[in-house]
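This report walks through one protein chain, strand by strand and then through its core. Please keep the sequence and the model open while reading.

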Amino acid sequence: MRTMDQLLAGLRRALRLDRQGSRPPTGTGAGDGTAYPGDFRGLPELEYQPHRDGRPDPGEVVWTWVPFQEDPTAGKDRPVLLVGRDGPWLLAVPLTSKDHDRDAAQERAAGREWVDVGSGGWDRAGRPSEARVDRIVRVDPARVRREGAVLDRRHFDQVAAGIRAHRSG
């Protein structure tokens, strides 16, 4: 039996009333017709190789469509930190400007882990951001819409340490 939340989520999708999310862009594969295989599992090879060449590289914060965990057919345009590669896909962790320091225990209990990354060009208001290190999404390089900024090496290393700690525990 479906829960009320599942029914409401389906209704919102059907009526396109979900203001926080949107349908995935057409062709959400990796530029080669590959369907989105879901979030990355395991511990990837984390790399820091930003290049200011207009192409997305690990170590950069970019904007792209990110599927919701509970419903990968819906999602939201948001900043992500690129942390590695998986075949044709880039690997990324979602960023937020919401401060999770105050509700850290609640977030941890829900399985979400956050690492502070400071502020940068990815947020027009200059708000400090946090990276969600418990979730690694696959990103189609062709679907990256804008380059936000290069994250400094010190903060990238803190995010990488958070990913390793979460994935090896």
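## A first pair: Trp65 and Asp77

Trp65 stands opposite Asp77 of strand β2. The model is a predicted one. A second pairing with β2 involves Thr64, whose bridge partner there is Arg78.

These pairs introduce the link between β1 and β2. The two strands are antiparallel and share seven bridges.

## Overall layout

The protein chain holds three helices and seven strands. Read from the N terminus, the order is α-β-β-β-α-β-β-β-β-α.

Of the 169 residues in the chain, 41% are buried. Long-range contacts are well represented. Counting contacts between residues at least 6 apart in sequence, 64% join residues at least 24 apart.

## Strand β1 and its partners

Strand β1 spans residues 60-67. How many of its residues are buried? Eight of eight are, and the strand is mostly covered.

Besides β2, strand β1 pairs with β7, residues 146-150. Four bridges join β1 and β7, and the two run antiparallel. One of the pairs matches Val61 with Ala149 of β7.

## The β2-β3 hairpin

Strands β2 and β3 are also antiparallel, with six bridges between them. Asp86 has Trp89 of β3 as its bridge partner. Two residues lie between the strands of this hairpin. Gly87 takes a positive phi near 60° there.

## Thr96 in β3

Thr96 belongs to strand β3. Its relative accessible area is 14%, so Thr96 is buried. The side chain of Thr96 reaches the backbone nitrogen of Lys98 at 3.1 Å.

What does Thr96 touch, leaving out residues up to four places away in sequence? The list is Arg78, Trp114, Pro128, Ser129 and Glu130. Thr96 also sits 7.6 Å from Pro79, C-alpha to C-alpha, with 17 residues separating the two in sequence.

## Arg132 in β5

Arg132 lies in strand β5. Is Arg132 buried or exposed? Its relative accessibility is 13%, under the 20% cut-off, so Arg132 counts as buried.

Two polar contacts involve the Arg132 side chain. One goes to the side chain of Gln69, at 2.8 Å. Another, of 3.0 Å, goes to the side chain of Asp134. With residues up to four places away in sequence set aside, Arg132 touches Gln69, Val93, Pro94, Arg112, Glu113 and Trp114.

## Helix α3

Helix α3 covers residues 153-168, 16 residues in total. From first C-alpha to last, α3 reaches 22 Å, close to the 22 Å expected at 1.5 Å a residue. At its start, a side-chain oxygen of Asp152 comes to within 3.2 Å of the backbone nitrogen of Arg154.

The buried residues of α3 are His155, Phe156, Val159, Ala160, Gly162 and Ile163. Why do they fall on the same side of α3? They cover an arc of only 160° around the axis, which puts them on the same side. On the other side, Arg154, Ala165 and Ser168 are exposed. The cover over the buried residues of α3 includes β2 (75-86), β3 (89-96), β4 (114-118) and β5 (129-132).

## Nonpolar cores

In soluble globular proteins, nonpolar side chains tend to be buried together. Here the largest nonpolar core has 21 residues. Which of them touch the most other members? They are Leu81, Val83, Val93, Trp122, Val159 and Ile163. Strands β1, β2, β3 and β4 and helix α3 each supply at least two residues of this core. The largest share, four residues, comes from α3.

Leu81 shows how far these contacts extend along the sequence. Leaving aside neighbours within four places in sequence, Leu81 is in contact with Gly59, Glu60, Val61, Leu91, Ala92, Val93, Leu95, Leu151, Phe156 and Val159. Apart from the largest core lies another, of nine residues. Its members include Val62, Leu82, Ala92 and Val139.

Technical notes
Residues are numbered from 1 along each chain as its sequence is written. This is a predicted model: local features need pLDDT of at least 70, side-chain atom pairs count only at pLDDT 80 or more; totals for chains, interfaces and linings use all residues. Side-chain values use heavy atoms; hydrogens and water are left out. The expected span of a helix is 1.5 Å times one less than its number of residues. Buried means under 20% relative accessible area, exposed over 50%, partly exposed in between (1.4 Å probe, protein chains only). The arc is that of the directions from the helix axis to the C-beta atoms. Contact means heavy atoms within 4.5 Å. A polar contact is a pair of N or O atoms within 3.5 Å; within protein, one must be able to donate a hydrogen and the other to accept it, and residues adjacent in sequence count only if both atoms are side-chain atoms. Two strands pair if DSSP finds at least two bridges between them. A nonpolar core is a set of buried Ala, Val, Leu, Ile, Met, Phe, Trp, Tyr and Cys residues joined through side-chain atoms within 4.5 Å.
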